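Hello,

Here is the structure I promised to hand over. Please open it alongside this email, and then read on for what turned up.

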Amino acid sequence: MDDRPKDPDIKALEALSNSPPRRKTHSYSQQLRTMTGGHHPRHANHPRNHSLDEIDILGGGGSGGEGADDEEDFYRYPITTGSVGGAVDMMDYVGMGEGGNGFDDSQLLPYQPLPEFMGSGGGVGVFKAPTRAAMHPNRPPCLEIRPHPLRESQNGKFIKTIASTDTQLWAGQESGVRVWKYSDTFDPGSFTGTAGRRLPRGDEETATFHESASTSQTLCLMVDEGSKLVWSGHKDGKVRSWKMEQQFTDGNAFKEGFSWQAHRTPVLSMTMSFYGDIWTGTEGGIIRIWPWESLEKSLGLTQEERRMAALLVERSVIDLRAQVTVNGVCNISSSDVKYLLSDNVRAKVWAAGSQIFSLWNARTRELLKVFNIEGQIENRVDVPQEQPVEDEANAKLVSKGKKDKPQGFLQRSRNALIGAADAVRRVAKGAGALVEDTKKIEAMMIAADGVIWTGCSNGLLIHWDGNGNRVQDFTRHPAAVQSICSHGARVWVGYATGNIQILDLEGGLVAGWVAHNEPVIKLVVGHGYLFSLATHGGIRGWNIASPASTDSILRQELSERSDMYTRRENVTIMVGTWNVGQGRASQTALKSWLGSAVSDVDIVVVGLQEVEMGAGFLAMSAARETVGLEGSSVGQWWQDHIGKALDERSVFERVGSRQLAALLIAIWVRKTLRPHVGDLDVAAVACGLGRAIGNKGGVGLRLRVYDRLICFVNCHFAAHLEAVNKRNADFDHIFRTMTFTRSTHFFGNAAGMLRCLYLSCSLLLCIYLFWLLYSFGLPWLLIFAAGVSSANQVLKNSNQGTPTSPEEARPDLGEADMTVFNGDFNYRLFGITYDEARDLVSQRSFDWLREKDQLRAEMKAGRVFQGFREALIRFPPTYKFEKGKPGLGGYDSGEKKRIPAWCDRVLYRDNKAGTAKECSLDCPVIASISQYEACMDVIESDHKPVRCKLNLDIAHVDKTIRRQEFAKILATNEAIRSSIEALRFVPETSVSTNNIELQNQDTFNLKISNRSADESVFYKIVCVGLCAIKDDVTEPDYRPRGSFGFPRWLEVTPAAGLIRPDQVADVSVHHEEFHKLEDLVEGVPQTWWAEDTKDKELILVVAVQGSCSTDVKTHRVIVRHRFSGNAIRIDQRSNPAANKQEGSSHQKSF
């Protein structure tokens, strides 16, 4: 057999001859020559098929041919010019004995990509790289008011809610409020807040906004167009007002107007009723009313009289819970009042907790009805509900029947522990576990046709009529509903998955798309857009007509301009992996492994295995994991000492870590890059005994780098030569099931204390069971399996919800732009003896050894790490060594003589679908490996540490520039402009009169006609002003109530609704005397409003809009109440234009 390299191999090597040598701190070839004393001949019976014949990787190489079986597995990236200058020398190609050819990667440029091997099967299914594009192809183009900020930049600044006025978008945040003017939406981001402050981190690309002075956390917002105010409810129990029309000046934070102490506990919800009163809800089922009369007086006081104004409002409070409590029994729920909704169609107010509703008359403030989410009447809500749960728990512990087979002691003990763990888990979850979690109310809204919508945590949407009767329920998406919003004939629903769906008024699905990568917690309509707020604080605006034909036009034009807003960055990441064998490393070893190689590195990721082992530790770790507690003192020691080696305080910043028993992963980021890195999430998957013990498994970190998701996973797979299938299964289990969540701290709140209680109970149960079973002489392994792992698995299964979307089948790791796996994968060398392996290592015939690598064979067959890449290994096997022995002479020489193997590896997958792809918004993360080596001089473990440097090219969007291009397209594209103009269309309507006179208890029937034969219209009636008629005043002084509310002496029903084509709506305008007997003196009311018997007059405005109109048209109707006994006179002829529309105006500009 001809053992010489074939001609294509020689040409491939010559292709690298122009590469200058690179500096290297340690020479493996020198070490090998020293330890082996020369070059040994190859083993006589070893098959000779030099692996260089596979590598078209090293140069241009031939294409095709029988000898090119592996050509498609290897990729050679173009050589990039580094910082090294000067003449280029021929590469030093070292021949190892007769045909023992190979070359040392130490001869490569510092940033020259190494040749790589790629696993098969990466282009399909969950292993396919995620699709990326300049513009998302499956959703409408959006206006990014506030691009997704990094979570770490939002401490104390998280936005909790939003509200829209005619001209502004308001947001409530943890430290006050902020406001955007729609007229400034497309301007470059700027900030007006506290003088001297720069643009806050996380808002660098946000549209121009103004921020208030610091306040307590804002929990709810309410727009009052009648008073030109925005009301906010806060965590400190205060209600604050903010003027819409104030002058916002640069460098100055605007201040609140009027405020008062509404509750001692947080203001969770707030609404303004049909009559202008403010209703607030808080913890414990408390609902309070703040009458408009006192609010109006307080708003009229001067700045110096604010204290008096607050006292005036606080003393006028009406406590509804106190009113409906009789003999200590209250007929409304004591759960938190999370939602308050004003039904302005029928003058009612809805209040809701997690599962109980109460319905109130907005005029008389009387309780009308209490009912649950099933629509069933609740006569008394405050009844303990623990019994069903107790029955359920008892059902699990019921004794066996007579016909059942007797269970063994181990099985009975195991079942007892499972039941106990389940019961304690319920206690740890608090009162919320005592009700049916899947039917919690998460959102409420009244549609334009007067139907009440509620959304539940199981995705259920429920329709209610105005009397609290359940009409229908349906599900359009399995995830939890988080928000609902309505405009015209459309209803938008936001889900916990980040999806938004458009439904018609009957609940039919119109369209849907993924709007955010986190839950959509608030939806509002304003300025022709639907604005969505996600939990991370990002705000996007969607055209209210989307999806429409103009979406594709806008998407195409923005895509064509992608070069204008594309930015490219280069980031270097070093990934280190080491099985430390329960030992601890010296600072010298850590410096050699990590500290000496980070001068050009931006991100350092370190994965450790076998940090701490032993049955006791693993059992304790498994129990802690059941309540989300992780970490250990040993793991902290490693992080501290690695941080010291990296010069953590001055150069790098520790971002986060995750430990699962013996596995630890941690990440450090260079401080200069830190502003662009964040949103750290963590994950862990156990692959040990019963898929519950963390001696084997994986721990992961996910973070956002320049707005791109990168995942790092540290793994330890099953051991032993023959366990190849088990190792493959471990990878598949980790890849498919790893789910990232935020790293949480459990000791800072009541929920954390409950979880600590659960932890204590769990540990006590485990200890008791351990002692009980051990006393019967059972092995500790069985005890372990029956105890801790079972409890852990029970909790894991209980916390796993149903799939939230069809896309959920695609795992988190599959959705990342780049995924890096590192760890002790435990793949061994097969078909080779210990002596043969030692000989080939001593000869540096690593190309021969690669042919015997289990991992490479499995990847080539597409059975593991599908689509992942690894640089060609040119360092000695890293396992197994005797601790304390330096050099290659330290390989295991004991009784077992374990065959050396490359157990410790680093593999990655980026956005590349092929070999020749440039970094762009279509392929935003492209990586290559510039260094892949083992640190053979470290002797503290039976494994050698490995490090790998990846050079990343990252493409991302400049949101400010794209927002400006968005504005230019809207202004210049005729098709889009025509579409926007078409949205202003309002069908023609008329009213039967514009002048109504009423006496006491009289009713007038106002008719609103839809003259369109094709289009439905929606109407809404408001009171824009009222006054008392005085004889000596020629010009009446009309004063609006809050939110254009009505006086209590007037009932208008229905005040809003839908009118079908060619149909007429009948609206009852009724005078209702609301004074009680004690308010009358000789039949004359004695109130601030009617201290005499003068007549009163008000202006009603009937606002009409189409199914998806951005404009409205209005009709004015004058209503006069004559207190005297004169006959009522309705003169329809007094205004010839009564049946004509008054003209087009915006809905709120009355």
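Among contacts in the chain between residues at least 6 apart in sequence, what percentage join residues at least 24 apart? It comes to 69%. Please keep in mind that this is a predicted model.

**The chain overall**

The chain holds 22 helices and 58 strands. It has 1150 residues, and 55% of them count as buried. Its accessible surface is about 47,700 Å². Carbon and sulfur atoms account for 50% of that surface.

**Two helices to look at**

Start with helix H12, residues 633–645. It has 13 residues, so at 1.5 Å a residue it should span 18 Å. Its end C-alpha atoms are 18 Å apart, which agrees. Its buried residues are Val634, Gly635, Trp637, Trp638, Gln639, Ile642, Gly643 and Ala645. What do they pack against? Their partners are helix H10 (587–593) and four strands: E34 (566–579), E35 (603–609), E36 (652–660) and E37 (663–670). After H12 comes Asp647, with a positive phi near 55°.

Now go to helix H21, residues 959–972. Its 14 residues should span 20 Å at 1.5 Å a residue. The end C-alpha atoms of H21 are 20 Å apart, so the expected and modelled spans agree. Buried residues in H21 include charged-name entries you may want to click on: Lys959, Arg962, Arg963 and Glu965 are among them. Thr960, Phe966, Ala967, Ile969 and Leu970 are buried too. The buried residues of H21 pack against strands E3 (143–146), E32 (529–534) and E46 (946–957). They also pack against helices H8 (549–560), H9 (562–565) and H22 (974–982).

**Aromatic rings**

The structure holds 40 aromatic pairs. One of them is Phe717 with Phe865. The ring centres are 6.3 Å apart and the planes meet at 35°, so this pair is tilted. Where do the two residues sit? Phe717 is in the loop between strand E40 (708–716) and helix H13 (724–737). Phe865 is in the loop between helix H20 (854–860) and strand E43 (869–871). They are 148 residues apart, and the pair links distant parts of the chain. Buried or exposed? Phe717 is buried, at 0% relative accessible area. Phe865 is buried, also at 0%.

Phe731 and Phe735 make another pair. Their ring centres are 5.7 Å apart and their planes are at 35°, so they too are tilted. Both lie in helix H13, four residues apart, about one turn of the helix. Both are buried.

These four belong to one aromatic cluster. The cluster also takes in Phe127, Phe821, Phe825 and Phe868.

**Charges over rings**

Two cases are worth a click. The charged end of Arg727 sits over the ring of Tyr827, 5.2 Å from its centre. Lys944 lies over the face of Phe881, at 4.6 Å from the ring centre.

**A hairpin**

Strands E21 (residues 356–361) and E22 (residues 367–372) run antiparallel. How many bridges join them? There are five. Phe357 has Phe371 in E22 as its bridge partner. The hairpin has five residues between the strands. Arg365 in this hairpin takes a positive phi near 60°.

Best wishes

How values were computed:
Residues numbered from 1 in each chain as written. Predicted model: local features only at pLDDT ≥ 70, side-chain atom pairs only at ≥ 80, totals over all residues. Heavy atoms only, no water. Buried < 20%, exposed > 50% of the residue type's maximum accessible area, 1.4 Å probe, protein only. Contact = heavy atoms within 4.5 Å. Areas by Shrake-Rupley, 256 points an atom, 1.4 Å probe, with all protein chains shown as cover. Expected span 1.5 Å × (residues − 1). Phe/Tyr/Trp six-rings, centres within 6.5 Å; stacked < 30°, edge-to-face > 60°. Lys NZ or Arg CZ within 6 Å of the ring centre and 35° of its normal. Pairing = 2+ DSSP bridges.
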